[in-house]
Amino acid sequence: MTTGEKIKRIRRHRQMTQKELGEKIGLGAGGANRIAQYEMGYRIPKKPLLEKMAEVLNVSAMALSEGGNGAAVDVLEQLFWLDEEVPGIIHLVLTQREATQYNKNLNFSLRYDDNDNWPPRCPTAMWFDDTILDDFLRDWAVIQKRLQLGEITQHEYFEWKIRWPEN
């Protein structure tokens with residue numbers, strides 16, 4: 001997803017017009033036109049303006065960027081936006097430590113009960129040894145479960161993602 005598409009999605013989420021956003025970030029009379037150009041990809045805002053937009057939209061600056069923040073952070077942002085583009089494609093499951101050692105038991109596998117809406121074939125699990133990725137995925141799994149249980153709304157779920165890691 002491009003920076004412009006992200007600006008548009010978040011601006012609409014905030015129920016702001018292009019004119020309102022343009023005014024709040026100090027673009028003056030032609031602000032709506034500039035915001036439209038950013039959203040359509042004709043122009044790309046420079047970093048200071050992007051940071052001002054993030055501040056006005058009350059989101060993490062990373063939520064608006066197209067990458068280059070560091071490998072782990074870029075992966076996380078890509079996953080967030082994939083989850084927005086194709087809702088329900090990413091399923092996170094918290095795990096619990098057991099005595100079985102994965103590397104010593106070649107027949108080891110994560111198991112699941114087939115009474116849920118699992119895909120037709122067995123899903124593949126993945127984990128990261130990188131602390132930020134693992135911590136993030138754990139936090140995200142908790143938030144995603146709260147959404148599934150109806151404890152938070154889709155609006156609150158999106159809000160969590162666009163404000164991460166500042167939550």
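**Helix α4 and its surroundings**

Helix α4 (residues 47-57) has these buried residues: Leu49, Leu50, Met53, Ala54 and Leu57. Buried means under 20% relative accessible area, exposed over 50%, and partly exposed in between (1.4 Å probe, protein chains only). The buried residues span an arc of only 145° around the axis, so they sit on the same side of α4. The arc is taken from the directions from the helix axis to the C-beta atoms. An α-helix has 3.6 residues a turn, so residues three or four places apart point the same way.

This is a predicted model: local features need pLDDT of at least 70, side-chain atom pairs count only at pLDDT 80 or more, and totals for chains, interfaces and linings use all residues. Residues are numbered from 1 along each chain as its sequence is written, and side-chain values use heavy atoms, leaving out hydrogens and water.

Which helices do the buried residues of α4 pack against? They pack against α1, α2 (18-24) and α3. On the other side of α4, Pro48 and Glu55 are exposed. Asn58 follows α4, and its phi is positive, near 60°.

Now turn to a second residue. Glu84 lies in helix α5 (residues 71-85). Helices (H or I, at least four residues) are DSSP runs, numbered from the N terminus. Is Glu84 buried or exposed? Glu84 is buried, because its relative accessible area is 16%. Glu84 touches Arg9, Phe158 and Lys161, leaving aside residues up to four places away in sequence. Contact means heavy atoms within 4.5 Å.

How values were computed. Helix = DSSP H or I, 4+ residues; strand = E, 2+ residues; numbered from the N terminus.
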